[in-house]
Each structure stands twice: as structure tokens, then as C-alpha cells.
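Let's take a walk through this structure together, one piece at a time. Have the sequence and the 3D view open side by side.

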Amino acid sequence: MTVALFVAGRAVALPKVASARPAIKLTDGWERELDLAKTTIPVIVIYEDKDDGNQNQTLKDELAALDKSIGYRKQILQLIVVDLTPYNYWPARGMAKNEIQKWSNKVGMILYYDFTDTARATLGFTKAQSNVVLYDKAGAVQFAFAGALPTDKRKELADLIRANMATLTPPPAAP
């Protein structure tokens, strides 16, 4: 289920708050699949293409700082999915996968790709915008935004991350 918003004169579709996370398998640069339907912890998905990758750089920097301060990535899965539809042909596809591997290593997170636009469409994301969605542990949308997140929306997302951590069982202590 999606809700239509009008931004800058064009329709924008986003997942509606409280709607269910769709079942979808995402693939990383090493051809490993992640089945979102089997995820039982909160998930943050950031979906970007080559032209809007810097649109939410401030958010990504703030999320990295938040993770350093509270370690939320130990309990909340953060995914970055890259729209690679312009590279869905030989030999560009193989080179794009290599770049996904390289960037995964560089940023210290596994990046997933979308060569066919299936992930964007299934997740209900807006094309040509950075999309950010937070799903709770039950798979319900808690936050959805397309475009550059203003300060108040970044704060709202950080507050929701903290609230989700409060509902989770703490990870086991190191011996």
C-alpha cells in the first residue's frame, strides 16, 4: 500500500506509515541474497541511484555518528540499496557488481543492488530520489521519506532508531 504525495509538481509514492514491509530478496555484489521477509529486527533501507547518492550525505554522516555513540547497527539492520538499472547490460553489469564490492568494503557495510528496478518498485520508492524507510521489528513502516531529509526529519528518524533499540533485547555481553 502506498500514499501519493505531491512534491515539486510531481507525484511521489512512498510506503505508508504502518504498512507492511513487502517480501523481497536483495542481492549484494557477491551474489548473496538477503530475504527481507525473514528479518526479525528493525531495518533501515536507504535506496539511491548514481545521481542522488549525495542527496542525504548529511543523514548518512549523522547515522554513522549515532552508531558510534549508541551502536544501533548491532540491533538494527541498515541497508543501502543502489539503483543500477542503467548498467543492466554486458559488460557494464559485471563492472557495476565489482564497484558494489569495492564500495561495500570502503564504507564498511554491505551494499545491495537493483539492476531491474524491481526492488524500488516492490518497496514503493520514488525514482530519482534518495529514499529512506525505517521498518520496526514486526515489519511495519515507521518512517518514510524521499528526497533530502531536513533537520526535523533526521531528528525524527534518530528518535525512532533510539525507540526501536529500547524495544529490543540487548545483545549478549562480551566475555
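Which residue does lysine 153 form a salt bridge with? The partner is glutamate 156, and the closest N and O atoms of the pair are 3.3 Å apart. Keep in mind that this is a predicted model. Both residues belong to helix α4, and because they are 3 residues apart there, about one helical turn separates them. Lysine 153 is partly exposed, at 26% relative accessible area, and glutamate 156 is partly exposed too, at 32%.

Stay on α4 for another pair. Aspartate 159 and lysine 155 form a salt bridge, with 2.8 Å between the closest N and O atoms. These two are 4 residues apart in the helix, so here again the separation is about one helical turn. Aspartate 159 is partly exposed, with a relative accessible area of 35%, whereas lysine 155 counts as exposed at 51%. As a general point, side chains of opposite charge can pair when their charged atoms come close.

Now zoom out. The chain has 4 helices and 9 strands, and if you read along the sequence they come in the pattern β-β-β-β-β-α-β-α-β-α-β-β-α. Of the 175 residues in the chain, 47% are buried. If you take the contacts with a separation of 6 or more, 67% of them join residues 24 or more positions apart. The accessible surface comes to about 9,400 Å², and carbon and sulfur atoms own 58% of that.

Next, find helix α1, which covers residues 57-70. Its 14 residues reach 20 Å from the first C-alpha to the last, close to the 20 Å expected at 1.5 Å a residue. Which of its residues are buried? They are Leu59, Lys60, Leu63, Leu66 and Asp67. These residues sit on the same side of α1, because they cover an arc of only 120° around the axis. Lys68 and Ser69, on the other side of the helix, are exposed. What do the buried residues of α1 pack against? The answer is β5 (43-49), β6 (77-83), β8 (131-135) and our earlier stop, α4 (151-166). Just after α1 comes glycine 71, which takes a positive phi of about 65°.

Move on to helix α2 (residues 92-107) and pick out serine 104. Is serine 104 buried or exposed? With a relative accessible area of 4%, it is buried. Its side chain reaches the backbone nitrogen of leucine 111 at 2.9 Å. Apart from neighbours within four places in sequence, serine 104 is in contact with Trp30, Met109, Ile110 and Leu111.

Back to charged residues for the last stretch. The structure holds 11 salt bridges, and the two in α4 aren't the end of the story. Arginine 32 and aspartate 28 meet through their side chains in a salt bridge, at 2.7 Å from N to O. The two ends of this pair sit in contrasting surroundings: arginine 32 is partly exposed, with 44% relative accessible area, while aspartate 28 is buried, with 2%. Elsewhere, Asp83, Asp117, Arg120 and Lys127 are linked in a network of salt bridges, so it's worth pulling up those four side chains together on your screen.

Terms used:
Residues are numbered from 1 along each chain as its sequence is written. This is a predicted model: local features need pLDDT of at least 70, side-chain atom pairs count only at pLDDT 80 or more; totals for chains, interfaces and linings use all residues. Side-chain values use heavy atoms; hydrogens and water are left out. Buried means under 20% relative accessible area, exposed over 50%, partly exposed in between (1.4 Å probe, protein chains only). Contact means heavy atoms within 4.5 Å. Accessible areas come from the Shrake-Rupley method with a 1.4 Å probe; for residues, only the protein chains shown count as cover. The expected span of a helix is 1.5 Å times one less than its number of residues. The arc is that of the directions from the helix axis to the C-beta atoms. A polar contact is a pair of N or O atoms within 3.5 Å; within protein, one must be able to donate a hydrogen and the other to accept it, and residues adjacent in sequence count only if both atoms are side-chain atoms.
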